[in-house]
Amino acid sequence: MKILVFCNFSATLLVLSLVRDYGFNDAQICKLVRYCPKLLVSDVEKYLLPKFQFFLSLGASKAELRNVFSSNPSILRASLKNKIIPYYHILRDVVCLDDRSIVRCDGLKCPTSVIKTTDVENISLLRSLGVPQSSVSLLASCNPSVLVHRAENFCAFVKRTVELGFNPSTVKFIKALVAFGCLRPSKWVRKFETLGKLGWSEDEIWSAFKKQPILMTLSEKKVRSVMQFLVNEMGMLPSTIAKAPNILFYSLKKRVMPRDVNFATVVGYEEKCFMVSYVNRYQSLVPNLGKIYAAEMDKL
């Protein structure tokens with residue numbers, strides 16, 4: 001537990017005045033202080049205000065600024081000159097994100113302690129494989145923690161992704177790379193054990209992963225609940241589900257349970273398409289079908 005002895009109440013008042021001027025609410029302020037207690041005795045003019053002004057200079061609104069700092073309070077502890085600005089230049093000049101994209105996405109939510117030239121090396125590796133700029137930008141903005149792995153580790157993730165047959169020119173390649181970069185080996189083992197107990201063979205697991213790489217990032221609880229319902233209640237074979245792994249991403253209560261037809265096709269429908277194809281279409285035959293479906297949805 002961190003204990004902070006206040007010896008400069010005037011500094012604390014200035015800090016609180018600054019964050020409140022920018023619209024931070026009590027919950028956001030508590031989060032900042034909990035993560036970074038020394039924030040309350042920071043020099044506003046020297047350390048904090050320049051960071052606020054830097055993000056505003058990128059075109060950030062006060063709301064976006066609050067989101068950036070609340071999502072990653074560590075930015076307030078990082079050096080503007082030695083860490084934040086250099087990483088900003090990497091995102092702008094190497095990853096080719098514009099200022100608005102950097103502000104609006106997760107690009108500057110990367111752990112500030114690992115902002116190194118590793119990013120550039122890893123990006124160069126992706127480009128050498130033919131990964132398009134749009135995919136590089138997607139990875140850097142949405143999953144920067146993957147991009148800043150040590151070069152040898154990142155290279156291993158890329159090699160494994162290529163070996164599994166993912167095309168570097170596709171977004172699916174990036175999704176697979178994210179799965180390898182975000183999950184420790186022990187979690188991969190647990191995922192395979194869980195899916196194995198639910199009836200998938202190792203080949204089926206890899207086949208499902210190739211169809212939907214983000215599958216491995218789903219919680220075991222989520223996968224287990226949907227699989228058990230489909231198998232035990234709907235009589236589907238585990239092998240059938242493996243051929244359409246997107247089913248596992250949908251809400252069990254809102255999307256899977258209300259639809260008792262061909263799951264591999266119908267569960268993937270957007271609500272509007274489902275209504276047109278399976279509810280409105282048969283209103284003349286079953287006049288109250290829409291009300292029945294709506295009532296079932298309201299129960300969930």
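**Close-up views of helix contacts in a predicted model**

**View 1. Helix 11 against helix 13.** The axes of helix 11 and helix 13 (residues 202-211) come within 9 Å and cross at roughly 125 degrees in this predicted model. Because angles that fall outside the parallel, antiparallel and perpendicular ranges count as oblique, helix 11 and helix 13 are therefore described as oblique to each other. On the side of helix 11 the contact is formed by K172, A176, A179 and F180, which meet W206, F209, K210 and K211 of helix 13. Sorted by residue class, this contact of helix 11 with helix 13 holds 5 nonpolar and 3 charged residues, with no polar ones.

**View 2. Helix 10 against helix 11.** Helix 10 (residues 151-163) and helix 11 (residues 171-182) have axes that come within 9 Å and cross at roughly 130 degrees, and the two helices are therefore oblique to each other. The crossing of helix 10 and helix 11 is right-handed. Helix 10 contributes F154, F157, V158, R160, T161 and V162 to the contact, while helix 11 contributes F173, A176, L177, F180 and G181. The residues of this contact of helix 10 with helix 11 comprise 8 nonpolar, 2 polar and 1 charged. A176 and F180 of helix 11, listed here among the residues that make the contact with helix 10, are also among those of helix 11 that meet helix 13.

**View 3. Helix 3 against helix 4.** The axes of helix 3 (residues 44-57) and helix 4 (residues 62-71) come within 10 Å and cross at roughly 125 degrees, so that helix 3 and helix 4 are oblique to each other. Helix 3 passes helix 4 with a right-handed crossing. The residues that meet are K51, F52, F55 and L56 in helix 3 and L65, V68 and F69 in helix 4. Of the residues in the contact of helix 3 with helix 4, 6 are nonpolar, 1 is charged and none is polar.

**View 4. Surroundings of L139.** L139 is a residue of helix 8 (residues 133-142). Its relative accessible area is 1%, and L139 is therefore buried, given that the term applies under 20%. When residues up to four places away in sequence are not counted, L139 touches L126, P144, V146, L147, I174, L177 and V178. For one of these partners, I174, the C-alpha atom is separated from that of L139 by 6.8 Å, although L139 and I174 are 35 residues apart along the chain. L177, another residue that L139 touches, also belongs to the helix 11 side of the contact with helix 10.

**View 5. Surroundings of T240.** T240 lies in helix 15 (residues 238-243). With a relative accessibility of 32%, T240 counts as partly exposed, because this class covers values between 20% and 50%. The C-alpha atoms of T240 and W200 are separated by 9.8 Å, and the two residues are 40 residues apart along the chain.

**View 6. The chain as a whole.** The chain, which provides the setting for the close-up views, contains 19 helices and 0 strands. Of its 300 residues, 42% are buried, and the accessible surface of the chain comes to about 16100 Å², with 56% of that area belonging to carbon and sulfur atoms. Among the contacts in the chain with a separation of 6 or more, 66% are accounted for by residues 24 or more positions apart.

How values were computed:
Residues numbered from 1 in each chain as written. Predicted model: local features only at pLDDT ≥ 70, side-chain atom pairs only at ≥ 80, totals over all residues. Heavy atoms only, no water. Helix = DSSP H or I, 4+ residues; strand = E, 2+ residues; numbered from the N terminus. Buried < 20%, exposed > 50% of the residue type's maximum accessible area, 1.4 Å probe, protein only. Contact = heavy atoms within 4.5 Å. Areas by Shrake-Rupley, 256 points an atom, 1.4 Å probe, with all protein chains shown as cover. Axes fitted to C-alpha atoms, helices over the stretch in contact; angles between N-to-C directions. Parallel < 35°, antiparallel > 145°, perpendicular 65-115°, else oblique. Left-handed = near helix turned anticlockwise from the far one by under 90°. Nonpolar A, V, L, I, M, F, W, Y, C, P; charged D, E, K, R; others polar.
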